[in-house]
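Me: I have not looked at this one before. Can you walk me through it?
Reply: Sure, have a look at it here.
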Amino acid sequence: MEKIIYSPLTGKVLPLEEVPDTVFAQKIVGDGTAIEPSFNIAYAPIDGVVSAVVKGGHALTIKDEDGLEILVHIGIDTVKLKGDGFKCFVKEGDKVKKGEKIIEFDMEKIERAGLPLVSPIVVITQNCEILPLNHFGQLVQAAETPIIKVTITN
């Protein structure tokens with residue numbers, strides 16, 4: 001079964017290996033891609049249910065009806081901000097549609113704290129083949145540009 005994940009952010013696509021955090025760069029959490037955002041709102045990359053919201057609202061996971069689960073993580077080490085500069089519009093258990101606003105964030109506040117804005121978009125479901133769909137460095141539009149094709153292998 002194939003699934004398409006759309007970019008939750010407007011910005012530049014980067015390989016996950018370039019994320020300045022070894023947990024993401026070494027794909028310990030899962031495989032995917034990253035976006036260097038140029039706009040401060042994240043949108044749902046798939047239809048599904050919010051399966052978890054990280055305290056502070058800087059990251060969340062969405063799971064679709066087939067069990068595909070996607071992590072949207074705004075910035076690196078942004079947990080250090082303890083929610084300052086983040087507004088999460090959803091809570092665990094909420095149903096979301098692709099393109100629905102999920103997180104608003106203060107890009108300047110993140111940068112002033114010395115934290116990278118690069119945002120990993122990771123498939124955390126096991127038994128999947130991941131194919132990034134964009135050439136790295138390409139600009140993508142939130143909720144419009146497909147960024148990852150997932151083949152669920154079960």
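Me: Is Cys 128 buried, partly exposed or exposed?
Reply: This is a predicted model. In it, Cys 128 has a relative accessible area of 21%, and because buried means under 20%, Cys 128 counts as partly exposed.

Me: And what about Cys 88, how accessible is that?
Reply: Cys 88 is at 26% relative accessibility, so it is partly exposed too.

Me: How many disulfides are there?
Reply: The count is 0, from a search of the whole structure.

Me: Switching to strands. In what order do the 8 strands of the open sheet come?
Reply: The order is β9-β5-β6-β7-β11-β3-β2-β13, with antiparallel pairing.

Me: Which strands stand at the edges?
Reply: β9 (95-96) and β13 (139-140). Each has a single partner strand, so one side of each lacks a neighbour in the sheet.

Me: What joins β2 to β3?
Reply: There are 5 bridges between β2, residues 11-15, and β3, residues 31-37, and the two run antiparallel. In one of these pairs, Leu 14 of β2 has Ala 34 in β3 as its bridge partner.

Me: What about β4, which strand is it joined to?
Reply: β4 (residues 41-43) is joined by 3 bridges to β10 (residues 101-105), running antiparallel. Ala 42 has Ile 103 in β10 as its bridge partner.

Me: And β8, how many bridges join it to β10?
Reply: β8, residues 86-88, has 3 bridges to β10, and they run antiparallel. For Lys 87, the bridge partner in β10 is Glu 104.

Definitions and conventions. Residues numbered from 1 in each chain as written. Predicted model: local features only at pLDDT ≥ 70, side-chain atom pairs only at ≥ 80, totals over all residues. Heavy atoms only, no water. Pairing = 2+ DSSP bridges. Helix = DSSP H or I, 4+ residues; strand = E, 2+ residues; numbered from the N terminus. Disulfide = S-S within 2.5 Å. Buried < 20%, exposed > 50% of the residue type's maximum accessible area, 1.4 Å probe, protein only.
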